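Subject: Structure for you to look at

Dear colleague,

I am passing on the structure we spoke about, so that you can open it and follow along while you read. My notes on what was found come after it.

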Amino acid sequence: MLILLPPSETKATRTRGAPLRWERLSAAGLTTARQQVADALRDVSAAADAPARLGVSPNLTDEIGRNTRLHDAPTLPARDLYTGVLYDALDLGSLDAASSRRAGARLRVVSALYGSVRMTDRLAPYRLSMAVNLPGTGPLASFWRPLLDPVLSAEAGRGLVVDCRSSTYAAAWAPSGRLAERWVQVRVPGATHMAKHTRGLVARALCQNSADPRRPAALLDLLMPTFEVALHEPSRTGAPWMLDVQPA
C-alpha cells in the first residue's frame with residue numbers, strides 16, 4: 001500500500017544539524033531533477049519580486065530566504081519537517097514500533113521541491129507550492145509528472161494507492177493503466193481544516209493496521225470501526241475510486 005500525502009505550507013526548522021545530502025534521499029533517480037528545481041528556486045527567491053513569483057505574502061521574508069540556503073541549512077527528517085493540521089492528526093511520534101515501520105514503508109509526501117520523499121528523508125526547510133511556475137522547469141506539476149510516474153508506480157507495486165493529497169499536489173502524478181484500478185482518493189466533506197484533519201487520521205489508521213488490502217473495497221472493512229465510509233466506483237476508465245470519509 002502506498003499512502004500519498006501533501007506537504008504542509010509551514011515547515012519546522014532547526015538551528016543545528018547536518019546539511020542536505022541529495023544523494024542520500026530516497027528515489028535517487030530524482031536527484032538531478034531535485035537539484036534543478038532547487039537551483040531555480042534559489043534564483044527566484046533571491047529576486048526582488050520573489051513573493052509574487054512564489055505566490056506568497058511579502059511578509060514571509062524568512063521563509064523565502066531559506067530557499068536561498070537549501071544546500072547549507074540544517075536538515076531534519078520529513079516526519080519532523082512537515083507540520084500543521086494533517087500532520088498533527090497523523091501524529092507519527094506517538095505510533096508504536098510496528099506502526100512506525102509501516103509508516104516508513106507506506107507514506108510518501110509529494111513535494112514541489114523534492115518530488116517524492118519518505119518520512120525518514122532528511123530535508124532542508126523550504127517554501128514552494130506545486131502551483132508555481134519556475135524558470136527552466138515551467139509549471140512544477142507538469143515538470144514532476146513524468147518523473148514521478150516510474151518511481152511511484154514501482155513503489156506501489158501490486159498494492160493500493162490511497163491518495164490523501166490536495167488537488168494541487170494530485171496534479172503532479174496520477175496512477176495509470178492497471179494501477180489506476182487500485183487508486184483510491186480520500187474525499188472528506190466539509191471545511192478544509194476538517195478535511196486535512198480527517199485525512200491525517202485515515203493515514204494514521206492505515207499505518208496502525210497490519211493488513212495490506214489489494215482491492216479498494218477492502219478498505220471499507222479496515223476503516224469502518226473508526227470512520228463513516230462510502231466507496232464509489234470510478235466515473236470513467238483511469239479515474240480513481242472515491243472514498244468518502246467522516247469520523248464516526
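There are zero disulfides in this structure, which, please keep in mind, is a predicted model. Two cysteines show the reason well: the sulfur of Cys164 has its closest cysteine sulfur in Cys207, and because the two lie 9.6 Å apart, they are too far from each other for a bond, given that a disulfide needs sulfur atoms within 2.5 Å. Cys207 is likewise in no disulfide, its nearest cysteine sulfur being that of Cys164. Cys164 is buried, with a relative accessible area of 1%, and Cys207 is buried with a value of 0%.

Salt bridges, on the other hand, are present, and the structure holds twelve of them. As background, side chains of opposite charge can pair when their charged atoms come close. One of these pairs is formed by Arg127 and Glu9, whose side chains meet at 3.4 Å, counted from N to O. This pair links distant parts of the chain, since Arg127 sits in the loop between β5 (122-123) and β6 (133-134), while Glu9 sits in the loop between β1 and α1, 118 residues apart. Arg127 is buried, with a relative accessible area of 14%, whereas Glu9 counts as exposed at 59% relative accessibility.

Another bridge joins Asp163 and Arg165, with the closest N and O atoms 2.7 Å apart; here Asp163 is buried at 0% relative accessible area, and Arg165 is buried at 3%. A further bridge connects Glu181 with Arg178 at 3.3 Å, N to O, and in this case Glu181 counts as partly exposed at 45% relative accessibility, while Arg178 counts as exposed at 63%. Salt bridges that share partners also join Glu9, Glu63 and Arg127 into one network.

Which side chain of opposite charge is nearest to Arg34? That side chain is Asp121, at 5.1 Å, and Arg34 has no salt bridge although this arginine is buried; the distance does not meet the cut-off, because a salt bridge requires the nitrogen and oxygen to be within 4 Å. Arg34 belongs to helix α1 (residues 31-45), and, leaving aside neighbours within four places in sequence, Arg34 is in contact with several residues, including Trp22, Ala27, Tyr114 and Trp144.

Ala27, one of those contacts, deserves a second look, as this residue has a positive phi of about 55° without being a glycine, and its place is in the loop between β1 (2-5) and α1. Most residues other than glycine have a negative phi. Asp91 is also not a glycine and has a positive phi of about 50°; Asp91 lies in the loop between α5 and α6 (97-106) and counts as partly exposed at 37% relative accessibility.

Finally, please look at the largest pocket, which contains about 580 Å³ of space. Its lining is made up of 26 residues, and the closest to the centre are Pro7, Ser8, Glu9, Ser166 and Lys196. At least two lining residues come from each of α5 (85-90), α8 (167-170) and α9 (192-208), and α9 gives the largest share, with four residues. You will have met Glu9 already, as the partner of Arg127 in a salt bridge.

With best wishes

Note on methods:
Residues numbered from 1 in each chain as written. Predicted model: local features only at pLDDT ≥ 70, side-chain atom pairs only at ≥ 80, totals over all residues. Heavy atoms only, no water. Buried < 20%, exposed > 50% of the residue type's maximum accessible area, 1.4 Å probe, protein only. Lys, Arg positive; Asp, Glu negative; His and termini not counted. Contact = heavy atoms within 4.5 Å. 1 Å grid on protein atoms, 1.4 Å probe; cavity = no way out; pocket = protein on both sides within 12 Å on 5 of 7 lines; lining within 4 Å. Points joined across faces, edges and corners; volume = space filled by probe spheres on them.
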